[in-house]
Amino acid sequence: MAQRGILAVISGFSGAGKGTLVKRLIDEDDQYALSISATTRNPRPGEQEGVHYFFISNDEFEKMIENDELLEHACYVDHYYGTPKRFVEEQLESGKDVILEIEVQGALQIKKKYPEALLLFVTTPSVEELKRRLRQRGSETDEQIAGRIRRASEEVDLIWDYDALIIAYDPESGVEQIRCAIEAARMRPSRNAGLIGTIRKQLFEERGE
Ligand code: 5GP
C-alpha cells in the first residue's frame, strides 16, 4: 500500500506569483495532484469549468456545506470558495501529495482539521517587488492594486501560523523551495513511526531486555 501523501497548502500575497509556482509544480511532476476548488464567483475569460474551478451557484455551495462535502470554505471578496473533500482524501490515500492553493482563513481551517498538513506562504522578497508584479499583470487599476496591498497588510501577521515561508525571487527558486519543504515534511518522525518502532524494538532486543 502506498504511503499516504502530504497535504500541502499554499497561500500567499496576491501578486507574489503562487499561481505560477503551483502550475509549474503540477506540470513538472505527477507526484503532485492539484485540488480544484468550488466557487460561487463567475468565470474569468479563459477559465474552464473543472480545470480552474467548479463554478457553482450559492444554493449549490450551501448544499455542499450542509452535506459536509467541503474540507474547508471561506468567503473572499463576496464569494464563497471551498475545497471538495472527496478528491483530496482519495489522492492522499493513493500516495499523491495534494496541493491546495487557498487563502489564509481556509488554510488555518485545514491546519485545525489536519495538524499534519504542511502550510506554505509565498511572498516576494520586498513590497516594492510585489507592487511591480501586480502592475506588470496589467489587469488591475491603481486602486485595485492598492486594495491588494491593503489585504496583504491584513494577512502578514498570519504568516507565523505557517510552516515555511517561500520567497519567490523567481519561479525556478520558488518551485524548488516548495519541493524542498514537501520533502522535509516527508522526513517528519510522525510519518516514519513504523520504522522508528522497528528500530526501537531491535535496539531493546540487542540490550537483551
Ligand atoms: P481568485 O478569485 O483570484 O481565483 O481567488 C481568490 C482567492 O481565493 C485566492 O487567494 C485563492 O487562493 C483563494 N481560493 C481559491 N480556492 C479556494 C478554496 O477552495 N478555499 C479557500 N479558502 N480559498 C480559495
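Begin by selecting helix α4, residues 104–113, whose buried residues are V104, G106, A107 and I110. Viewed down the axis of α4, these buried residues fall within an arc of 160°, so they line one face of the helix. The model on display is a predicted one.

Keep α4 selected and add its surroundings. The buried residues of α4 pack against the strands β1 (7–12), β5, β7 (97–101) and β8 (118–123), and also against helix α6. Several of these elements are visited below.

Turn next to strand β8 and select T123, which is found in that strand. T123 has a relative accessible area of 10% and is therefore buried, the limit being under 20%. Leaving aside residues up to four places away in sequence, T123 touches F13, A16, L165, I166, I167 and A168.

Now select strand β5, residues 70–76, together with strand β6. These two strands run antiparallel and are joined by six bridges. To locate one of the pairings, display H73, whose bridge partner in β6 is G82. Then move to the hairpin of β5 and β6, where two residues lie between the strands. In this hairpin, V77 adopts a positive phi near 45°.

Remain with β6, residues 79–84, and add strand β3, residues 38–39. Two bridges join β3 to β6, and the pair runs antiparallel. Select T39, a residue of β3, and find Y81 of β6 standing opposite. Is T39 buried or exposed? T39 counts as buried, because its relative accessibility is 0%. With residues up to four places away in sequence not counted, T39 touches Y53, F54, F55, I56, Y80 and Y81. Y81 thus appears both as the residue opposite T39 and among the residues that T39 touches.

The last stop is a pair of helices. Two packed helices are described by the angle between their axes and the distance between the axes. Select α5, residues 127–137, and α6, residues 142–155. Their packing angle is about 145°, and their axes are 10 Å apart. The crossing in which α5 passes α6 is right-handed. To display the contact, show L130, K131, L134, R135 and R137 of α5 with I145, R148 and I149 of α6. By class, this contact of α5 with α6 comprises four nonpolar residues, four charged residues and no polar residues. Helix α6 also returns the tour to its starting point, since the buried residues of α4 pack against α6.

Technical notes
Residues numbered from 1 in each chain as written. Predicted model: local features only at pLDDT ≥ 70, side-chain atom pairs only at ≥ 80, totals over all residues. Heavy atoms only, no water. Axes fitted to C-alpha atoms, helices over the stretch in contact; angles between N-to-C directions. Helix = DSSP H or I, 4+ residues; strand = E, 2+ residues; numbered from the N terminus. Left-handed = near helix turned anticlockwise from the far one by under 90°. Contact = heavy atoms within 4.5 Å. Nonpolar A, V, L, I, M, F, W, Y, C, P; charged D, E, K, R; others polar. Pairing = 2+ DSSP bridges. Buried < 20%, exposed > 50% of the residue type's maximum accessible area, 1.4 Å probe, protein only. Arc of directions from axis to C-beta.
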